[in-house]
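This report describes the fold, the ligand surroundings and a few individual residues of one protein chain. Please keep the sequence and the structure at hand while reading.

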Amino acid sequence: MRIHALPTQLVNQIAAGEVVERPASVVKELVENCFDAGATQIVIDVEQGGARQIRIRDNGCGIVKDDLALALSRHATSKIASLDDLEHVISMGFRGEALPSISSVARLTLISRTADAECAWQVSADGTEQNFDPQPDPHPPGTTVDVRDLFYNTPARRKFLKAEKTEFIHIESLIQKLALARFDVGFVLNHNQREVLNLKPAATQDAQEKRIAAICGSAFVENSVKIDFAASGLHLHGWVGLPTFSRSQQDMQFFYVNGRLIKDRLVAHAVKQAYQDVLYHGRHPVFVLYLELDPALVDVNAHPTKLEVRFREGRMVHDFLFQALHRSLADQRPGAAGVAQQ
Ligand code: ADP
Ligand code: MG
């Protein structure tokens with residue numbers, strides 16, 4: 001057979017295979033776009049576990065009319081322009097793949113309005129047809145992305161969707177993780193027109209701990225200490241559980257790097273070591289931790305879903321985390337001074 005270029009839609013569907021595993025992955029991409037747009041309020045409406053509909057509305061910066069078609073086009077982004085930008089990226093997105101990928105395996109409508117536009121404009125695409133000629137819409141400033149009938153045209157993927165309830169649990173737990181990343185943003189999550197979550201923006205430590213309690217339970221807050229460490233350009237802050245409040249599973253461990261929830265072996269190892277002497281074998285600590293560092297020191301382009309990162313100075317990050325956690329745990333021993341601060 002001769003070599004030929006694949007049609008755009010098929011290319012998008014192949015890319016969708018990487019980032020759109022299930023309804024929750026659509027929600028992740030769309031909410032991260034809201035973050036990047038500077039939204040302070042995000043409303044997520046889900047029907048039938050997300051398989052029927054996912055609609056996400058934000059009050060962010062919006063998209064100008066002339067860019068709407070580009071937003072649905074592959075490798076088009078407003079977030080980076082050069083390799084240098086990529087190496088210092090602080091936005092959640094930068095690949096310009098989410099919207100075209102999602103619209104190749106679902107029916108997607110994008111409605112958006114910038115603050116100075118007289119009205120909103122709408123474009124749509126559904127895997128086979130694209131309507132990139134913007135139509136006027138009364139939407140307020142901000143953006144709504146409406147995704148219907150996920151995988152309707154890719155039956156092999158659709159077959160892998162789990163029960164409505166299971167898919168919704170994935171969405172809910174994802175929103176909880178995203179809500180822990182951004183206390184300054186309000187979130188409303190509705191499922192089948194019933195309100196499941198309503199988290200107001202939380203500016204004070206009190207309000208933040210309320211949000212954590214709403215997500216992780218009040219026992220978490222009562223049994224954890226606030227930590228705040230900075231050294232050699234690294235900053236670690238958040239809440240770590242007392243050794244007396246451990247779990248049999250690793251289900252209450254949230255670690256964010258520059259606002260991005262990640263899973264990382266180096267981080268897991270540093271935490272494990274720090275708790276080694278104070279936790280019984282087989283028990284796992286609880287924590288909500290935020291690591292802030294120069295974006296040039298972490299490569300977020302390691303995987304399409306960006307759940308994995310690569311630290312450029314892995315050893316240094318590891319030792320810093322270990323030290324920070326070890327010291328805050330030591331401060332909690334009987335007789336030690338109260339608050340773990342440096
Ligand atoms: P990426 O986020 O990697 O840039 P996406 O496909 O997710 O790629 O989005 C493409 C572009 O569409 C973004 O770069 C952004 O300019 C615009 N966009 C998407 N969602 C929103 C939103 N909620 N608000 C404002 N602009 C958006
Ligand atoms: Mg994106």
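Which element gives the most residues to the shell around ligand 1? In this model, which is predicted, that element is α2, with three residues in the shell.

## Surroundings of ligand 1

The shell around ligand 1 holds 21 residues, of which N33, A37, T77, G93 and A98 come nearest. Two elements, α2 and α5 (98-104), give two or more residues to this shell. Sorted by class, the residues around ligand 1 are eight nonpolar, eight polar and five charged.

## Overall form of the chain

The secondary structure of the chain consists of 11 helices and 15 strands, and the C-alpha trace spans about 70 × 50 × 45 Å along its principal axes. For 342 residues a compact globule would have a radius of gyration near 20 Å, and the 21 Å found for the chain agrees with that value.

Of the 342 residues, 35% count as buried. Among contacts between residues at least 6 apart in sequence, 66% join residues that are at least 24 apart.

## Two domains and their contact

The domain assignment divides the chain into domain 1 (8-199) and domain 2 (217-331), whose C-alpha centres lie 29 Å apart. Where the two meet, 11 residues of domain 1 are in contact with 13 residues of domain 2.

On the domain 1 side of this contact, the elements that give two or more residues are α1 (8-19), α4 (83-87) and α7 (164-181), and the largest share, three residues, comes from α7. By class, this side of domain 1 has seven nonpolar, one polar and three charged residues.

## The largest nonpolar core

The largest nonpolar core has 80 residues, and among these I102, L110 and L321 touch the most other members. Helix α2 (residues 23-36) provides the largest share of the core, namely seven residues, and the core draws at least three residues from each of domain 1 (8-199) and domain 2 (217-331). Helix α2 therefore has a part in two of the settings described here, since the largest share of the core comes from α2 and α2 also gives the most residues to the shell around ligand 1.

When residues up to four places away in sequence are not counted, L321 touches L236, V267, A270 and V271.

## V105, a buried loop residue

V105 is placed in the loop between α5 and β3 (107-113). Is this residue buried or exposed? V105 has 26 other C-beta atoms within 10 Å, and because 20 or more are needed for a residue to count as buried, V105 is buried.

Leaving aside neighbours within four places in sequence, V105 is in contact with Q13, A16, V20, G127, L150, F151, N153, T154 and R157. By contrast with these contacts, V105 and I215, which are 110 residues apart in sequence, are 31 Å apart in space from C-alpha to C-alpha.

## Two loop residues with positive phi

H75 lies in the loop between α3 (68-71) and α4, and its phi is near 60°, a positive value in a residue other than glycine. With 9 C-beta neighbours inside 10 Å, H75 counts as exposed.

D149, found in the loop between β6 (142-148) and α6 (155-158), has a positive phi of about 55° although D149 is not a glycine. D149 is partly exposed, with 16 other C-beta atoms within 10 Å.

Notes:
Residues are numbered from 1 along each chain as its sequence is written. Chains are lettered from A and ligands numbered from 1 in the order in which they are written. This is a predicted model: local features need pLDDT of at least 70, side-chain atom pairs count only at pLDDT 80 or more; totals for chains, interfaces and linings use all residues. A nonpolar core is a set of buried Ala, Val, Leu, Ile, Met, Phe, Trp, Tyr and Cys residues joined through C-beta atoms within 7 Å. A residue is buried if 20 or more other C-beta atoms lie within 10 Å of its own, exposed if 12 or fewer, and partly exposed in between; C-beta atoms are placed from the backbone. Helices (H or I, at least four residues) and strands (E, at least two) are DSSP runs, numbered from the N terminus. Domain bounds come from an automatic or database domain assignment. Two residues are in contact if their C-beta atoms, placed from the backbone, lie within 7 Å. A residue is near a molecule or strand if its C-beta atom, placed from the backbone, lies within 6 Å of it. Ala, Val, Leu, Ile, Met, Phe, Trp, Tyr, Cys and Pro count as nonpolar, Asp, Glu, Lys and Arg as charged, and the others, Gly among them, as polar. The radius of gyration is taken over C-alpha atoms; the globule rule is 2.2 Å times the number of residues to the power 0.38.
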